[in-house]
Amino acid sequence: MAIRLAPIASDLSSDNGWQALLEAPPPAVRLTSEKRCRTAVIGAGICGLSTARRLGELCPDDDIVLVDAARVGDGASGQNAGFLFNMHTHGLVKRHDVLERNAKLWSAGLADLRRIVSEHQIQCDWSDWGRLYGSAGPDGERHVDFLAETLDALGLPYKRRDHEQMSADLGTDFYLRGLHVPGNAMVNPAAMVRGLARALPVNVSLFEDTPVVELNREGAGFRLKTPEGEIVADRIVVTAGVFMRRFGIARGRYVPLGLFAILTEPLSAKRRNQMKAGAEFGLLPTAANGATVRLTRDGRIFMRNISRYAPDGPPREALAQIMSLQLEQALAKRWPEFDDLKIAHRWGGAMAFTGNDGAIFGETAPGIFALLSNDVSPMTRGAAAGRLLAEHMEGIDSDLLAIQMDYPEASRLPPRPFLDLGVAWKLRKVRKAGAGEF
């Protein structure tokens, strides 16, 4: 078996505001020679970091190699909104038992991340502020009630916020009402994953800016070629997110959707005083078409949404710049008095959505393991799934692994162009239903 991998485009959106708030990392350690190991993990996002960490702990005498085509924090795990969910949903939930099962994995992943961040003193602006759901139109209003019903059924606490309270909290009349829900965390996601990388066990070697360009089966193991070196491994784990199909895995089983974000310059003290929620907040739309909004501890406004079908993978830099203009308009709808507030960073990324909330988890071919964390709660679910994949590979059973193994396999999607038409129709439907939410 030999798979020659197509190169990753060089003009992908890279102006990640979360990374820009941090000190520049030290120069990347690139693979420049032959490296032999028992396990090679491809992709240093939350899934790859969690898998490599647990393998390193379980197999202290083994060499583990973790390799990424970019820098840690440049991918989806470092570009997202920074919510670490214990539970999250849009719409009316018909199977509360399924959501409760999911929440066990999300809570386990959150607990893992909380422990590691605390033990290693990772500075990532960890916050237990919770999350505020907000509605701005008829679609959002329905979803507020759906969400309250779900939280009641799961026995989870929340506080209702009426229009007056939302206005006082956020300094805007845009939101009609909402729910404040505790239990999750918020972080600077780039800072967290960079910290997780620094805190890997000593038997895990991380190589960045080292794309795998060719994959060969060699005897009972594998040889992975990179631009300047090679990895010889007994087994491999692919945790490459939307790039997974480059390795011949999960083709036709997930939809890449582009999401776009902006991060402003810090607000003045006067403008921050308009927001009574405190030194920070994190707001999620109750309906899928709304925008995710955060006020960071240093007074910046973060906004993200605008789903766009991305069949070719993460968006290019030029597209991210264009789509960010819509986010600027959404910002102006909420706070028109901030008309002179400058946008410091604009970027885009891609997430993998499966059609049935299904999983890519486990051995996909002899010696090849794969993990794809889908759209709902990807950071905490990815953290839990990475640990569980490592335990599965080492034959360690648990009730939590049984839950993960019980997930259905990601269903096969229609071929293009039928898939393109279906995704376009779905996105139009979401935008039409939630026209007032964005």
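Start by selecting N273, which counts as exposed at 53% relative accessibility. This is a predicted model, so treat the tour as a walk through a prediction. N273 sits in the loop that links α8 (269–272) to β14 (281–285). For a sense of scale, add A370 to your selection: its C-alpha atom is separated from that of N273 by 48 Å, and the two residues are 97 apart along the chain.

**The sheet**

Next, follow β14 into its sheet. Which strands does the open sheet contain, and in what order? There are eight, running β6-β7-β5-β14-β15-β16-β13-β17, with mixed pairing. Look now at the edges, where β6 and β17 (343–353) each have a single partner strand, so one side of each has no neighbour in the sheet. From one strand to the next, the twist averages 20°.

Zoom in on β15 (residues 292–295) and β16 (residues 301–309). These two strands run antiparallel and are joined by four bridges. Select V293 and you will find M303 of β16 standing opposite. As background, strands of a sheet pair through backbone hydrogen bonds, either parallel or antiparallel.

**Two helices on the sheet**

Keep the sheet visible and add helix α9 (residues 317–334). Helix α9 lies across β13 (255–264), β15, β16 and β17, and runs at about 125° to β16. Then add α5, which lies across β5, β6 and β7, at about 30° to β7.

Stay with α5 (residues 138–154) for a moment. This helix has 17 residues and spans 25 Å from its first C-alpha to its last, close to the 24 Å expected at 1.5 Å a residue. Which residues of α5 are buried? Select D139, G140, H143, V144, L147, A148, T150, L151 and L154 to see them. These buried residues lie on the same side of α5, because they cover an arc of only 165° around the axis. The helix geometry helps here: an α-helix has 3.6 residues a turn, so residues three or four places apart point the same way.

What covers that buried side? The cover includes α4 (96–119), β5 (131–135), β6 (159–161), β7 (177–181) and α12 (418–433). Just past the end of α5 comes G155, with a positive phi near 70°.

**Over to α4**

From the cover of α5, pick out α4. Helix α4 has 24 residues and reaches 34 Å from its first C-alpha to its last, close to the 34 Å expected at 1.5 Å a residue. After α4 you will meet Q121, whose phi is positive, near 50°.

**A hairpin**

Now jump to β10 (residues 214–218) and β11 (residues 221–225), an antiparallel pair joined by five bridges. Select E218 and its bridge partner in β11, G221. The hairpin has two residues between its strands, and G219 takes a positive phi near 65° there.

**The cysteines**

For the last stop, show the cysteine side chains. How many disulfides are there? The count comes to zero. C59 is in no disulfide, as its nearest cysteine sulfur, that of C37, is 12 Å away. Is C59 buried or exposed? C59 counts as buried, at 7% relative accessibility. C124 is in no disulfide either, with the nearest cysteine sulfur, that of C47, 18 Å away. C124 is buried too, with a relative accessible area of 2%.

Conventions
Residues numbered from 1 in each chain as written. Predicted model: local features only at pLDDT ≥ 70, side-chain atom pairs only at ≥ 80, totals over all residues. Heavy atoms only, no water. Disulfide = S-S within 2.5 Å. Buried < 20%, exposed > 50% of the residue type's maximum accessible area, 1.4 Å probe, protein only. Expected span 1.5 Å × (residues − 1). Arc of directions from axis to C-beta. Contact = heavy atoms within 4.5 Å. Pairing = 2+ DSSP bridges. Axes fitted to C-alpha atoms, helices over the stretch in contact; angles between N-to-C directions.
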